[in-house]
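Visitor: I have a structure to look at and some quick questions. Can you walk me through the picture?
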Amino acid sequence: MAIERTLSIVKPDAVGKNVIGKIYDRFESAGLKVVAAKMKHLSRSEAEGFYAVHKERPFFNDLVQFMISGPVMIQALEGENAVLKNRDLMGATDPKKADKGTIRADFADSIDANAVHGSDSAENAAIEIAYFFAASEVYSR
Ligand code: RTP
Ligand code: MG
């Protein structure tokens, strides 16, 4: 299995609950390494640009409004099968449907305030990592 990278965001709800470290522990316990990280309060245009694929969806405005409601913690994760592994750790988009023991089941309150973002493909991961990090800010290790 090839080493892959994925882009993860701890969303404003989870940052507000002070569970960044608990979520990082899930990544590290699963063998994913944090290879880049920054805390940032996104501007509206940054959030709109990040979620541009969803701009025609009915939930787009609520999603952007939520993502700029407070600071987020953004990280690139590296490891075997990182994209799918992170999606498995996150659980389903709606925390009510997320499997027990997943990040969203344990830390999220609703489909809007759902604790984490994770890239959905290796191709999108590369685009999303480049959206937030210069190549020189990502530390392969
Ligand atoms: P994310 O991109 O944040 O990792 O979440 P995801 O892949 O599990 O879900 P996605 O379909 O990409 O949707 C992005 C975010 O939009 C909100 N959403 N609301 N009300 C709705 O039906 C609905 N569907 C999606 C969620 O907050 C989701 O994380
Ligand atoms: Mg998504």
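Guide: One term to begin with. A residue counts as near a molecule if one of its heavy atoms lies within 4 Å of it. Also, this is a predicted model.

Visitor: OK, which residues come nearest to ligand 1?
Guide: K11, R87, T93, I111 and N114 do, out of 14 residues around ligand 1.

Visitor: What about polar contacts? How far is a polar side-chain atom of H117 from an oxygen atom of ligand 1?
Guide: The distance is 2.9 Å. Y51 also has a polar side-chain atom 2.9 Å from an oxygen atom of ligand 1. G118 uses its backbone instead: an N or O atom there lies 3.0 Å from a ligand oxygen.

Visitor: And how much of ligand 1 does the protein cover?
Guide: 79% of the 560 Å² of accessible area that ligand 1 has on its own.

Visitor: New topic: the sheet. What order do the strands have?
Guide: The order is 2-3-1-4, in an open sheet of 4 strands with antiparallel pairing.

Visitor: Why do strand 2 and strand 4 each have one side without a neighbour in the sheet?
Guide: Strand 2 (33–40) and strand 4 (116–118) stand at the edges, so each has a single partner strand.

Visitor: How many bridges join strand 2 to strand 3?
Guide: 7, and the two strands run antiparallel. In that pairing, A37 stands opposite Q75.

Visitor: Which strands does helix 5 lie across?
Guide: Helix 5 (residues 82–90) lies across strand 1, strand 3 and strand 4. Helix 2 (residues 20–29) lies across strands 1, 2, 3 and 4, at about 10 degrees to strand 3.

Visitor: Which domain does UniProt list for residues 3–140?
Guide: An unreviewed UniProt entry lists "Nucleoside diphosphate kinase-like" there. That span is 40% helix and 20% strand.

Notes:
Residues are numbered from 1 along each chain as its sequence is written. Chains are lettered from A and ligands numbered from 1 in the order in which they are written. This is a predicted model: local features need pLDDT of at least 70, side-chain atom pairs count only at pLDDT 80 or more; totals for chains, interfaces and linings use all residues. Side-chain values use heavy atoms; hydrogens and water are left out. UniProt positions are given in the numbering used here, feature names are shortened, and annotations may be inferred rather than shown by experiment. Two strands pair if DSSP finds at least two bridges between them. Contact means heavy atoms within 4.5 Å. Axes are lines fitted to C-alpha atoms, for helices over the stretch in contact, and angles run from 0 to 180 degrees between N-to-C directions. A polar contact is a pair of N or O atoms within 3.5 Å; within protein, one must be able to donate a hydrogen and the other to accept it, and residues adjacent in sequence count only if both atoms are side-chain atoms. Accessible areas come from the Shrake-Rupley method with a 1.4 Å probe; for residues, only the protein chains shown count as cover.
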